[in-house]
Amino acid sequence: MKLIARASLYVLIVLTAATASHSWEPFDRVIAVVNDRPIVESEVAGRLDRLRQRKNVPANRLAYERSRLLDRFIEDSIVLQEAEQQSIVVSDEKVTNHIKKLMARMNITSMDDFKKRVEKVENLPFDEYREDVRKSLITEQVMSLAIGVTPPSRKEAMEWYNANKAKLGFEINVKHILIRPKNPSLAEEKRVIAEINALRQRIVRGEPFEQLAAQHSEDPRSAKKGGAIGWMSLAELDPYFANQVFRMADGQLSGAIKSGFGYHLVKFLGKRPVTFDSVEDRIVGMLFQQKLSEQFSKWVIQRRRESEVIIYMEDYVKA
């Protein structure tokens, strides 16, 4: 009763403040309370809208999907409260450094390009993506302290690699020249394609690919190395780019290839199965996340039982 009274008081305060300042705005209703911490309807509704944009959710599944999203918010609240008790803080700098590591792995040098990719692929505003990264880093620290999950050994990673090598696909080694359209117009697209084709003809006539890449490529990271990207797995590359380049033969020079970053002129150097060294960090991370997820599920179920959780969502469906 005491918790319900506090939640009701919170609702009254928010409603009064909203009426006083913006009486025409709809009230953001509290749909759950976790140890006196409210979760409001708009948070869950926003995530549900984005979920429905990614996949078809039948009307008879809406309540279930909404309930599972609310469960995630409840779990996040429990983790964040534990982090506060443990004085765990993940700074903006740590979040940015983590994102830069992801960018390096994907061979993306521009933060603007990474933002566009996140918002397109994840269908999520970049600010929310950053907060999800922060929550993930906080969760890892909470779990390390609360249940002592440790990363897997190199031996465990190697065993997983040997058992799953055939599923990991290939790496390709290419050099490229990237030209970015300055705007989305058809005229600009034609200009860039013409520039790519002109560079191709110069290479065919004998000019070094590496020299032209250094002079003309708008990918500063690879331009310094004569256009060399180095060995990269197909999964790390833009899907449309990877699909076209994978079909090339050793030594082949492409025409204009379009990707999410612009247009590329590609010199194909080779293809090989994914090596352990190139994926070791990702395998270790994946196995660690699996351990973390298993232990986290047990931990959060227990902490939820120990917490005061009240759900006001009328159509909430238990898992």
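Here is a walk through the structure, from its nonpolar core to its empty spaces and on to a strand residue. Keep in mind that this is a predicted model.

Let's begin with the core. In soluble globular proteins, nonpolar side chains tend to be buried together. In this model, the largest nonpolar core has 38 residues, and the ones that touch the most other members are Ile39, Leu70, Phe114, Tyr129, Val142 and Trp299. Several elements of the chain chip in. Strand S1 (30-34) supplies at least two residues of this core, and so does each of the helices H2 (41-54), H3 (62-85), H4 (92-105), H5 (111-121), H6 (126-146) and H12 (276-306). Helix H3 gives the largest share, with eight residues.

So what does H3 look like from end to end? Its 24 residues should span 34 Å at 1.5 Å a residue, and its end C-alpha atoms are 35 Å apart, so the two values agree. After H3 comes Ser87, with a positive phi near 60°.

Now pick out one core residue and stay with it for a moment: Val142, which sits in helix H6. Is Val142 buried or exposed? Its relative accessibility is 1%, and buried means under 20%, so Val142 counts as buried. Which residues does Val142 touch, once its neighbours within four places in sequence are set aside? The contacts are Val79, Glu82, Ala83, Ile88 and Trp299. Trp299 is a name you have met already, as it is listed with Val142 among the core residues that touch the most other members. You can also look from Val142 towards Arg303: the two are 161 residues apart in sequence, while their C-alpha atoms are 13 Å apart in space.

Step back from Val142 to the whole of H6. At 1.5 Å a residue, its 21 residues should span 30 Å, and the end C-alpha atoms are indeed 30 Å apart, so the helix agrees with the expected span. Val142 has company among the buried residues of H6, which also include Phe126, Tyr129, Arg130, Val133, Arg134, Leu137, Ile138, Thr139 and Met143. What do these buried residues pack against? Their partners are H3, H4, H5 and H12. Just after H6, Gly148 takes a positive phi of about 65°.

Next, the empty spaces. Rolling a probe the size of a water molecule over the atoms shows where empty space is left. The largest pocket holds about 1400 Å³ of space. Its lining is made of 40 residues, and His98, Ser136, Leu137, Glu140 and Gln289 lie nearest its centre. Leu137 was named above as one of the buried residues of H6. Helices H3, H4, H5, H6 and H12 each supply at least two residues of this lining, with H12 giving the largest share, eleven residues. By class, the lining has 17 nonpolar, nine polar and 14 charged residues.

The second largest pocket has a volume of about 600 Å³. Of the 20 residues that line this pocket, Lys116, Ser259, Gly260, Phe261 and Gly262 lie nearest its centre. Here H5 is joined by two strands, S5 (257-259) and S6 (262-273), each of the three supplying at least two lining residues. H5 gives the largest share, five residues. The lining divides into six nonpolar, six polar and eight charged residues.

There is a closed space too. How many cavities of 30 Å³ or more are there? The count comes to one, and about 210 Å³ of space lies inside. It is lined by 18 residues, and the closest to its centre are Met106, Asn107, His176, Phe261 and His264. Phe261 is thus a name shared with the second largest pocket, where it also lies among the residues nearest the centre. H5 and strand S3 (170-179) each supply at least two residues of the cavity lining, which has seven nonpolar, five polar and six charged residues.

Our last stop is Arg272, in strand S6. With 29% relative accessibility, Arg272 counts as partly exposed. Beyond its neighbours within four places in sequence, Arg272 is in contact with Phe170, Glu171 and Trp231. Ile172 is 100 residues away along the chain, and its C-alpha atom is separated from that of Arg272 by 6.6 Å.

Note on methods:
Residues numbered from 1 in each chain as written. Predicted model: local features only at pLDDT ≥ 70, side-chain atom pairs only at ≥ 80, totals over all residues. Heavy atoms only, no water. Core = buried A, V, L, I, M, F, W, Y, C linked by side-chain atoms within 4.5 Å. Buried < 20%, exposed > 50% of the residue type's maximum accessible area, 1.4 Å probe, protein only. Helix = DSSP H or I, 4+ residues; strand = E, 2+ residues; numbered from the N terminus. 1 Å grid on protein atoms, 1.4 Å probe; cavity = no way out; pocket = protein on both sides within 12 Å on 5 of 7 lines; lining within 4 Å. Points joined across faces, edges and corners; volume = space filled by probe spheres on them. Nonpolar A, V, L, I, M, F, W, Y, C, P; charged D, E, K, R; others polar. Expected span 1.5 Å × (residues − 1). Contact = heavy atoms within 4.5 Å.
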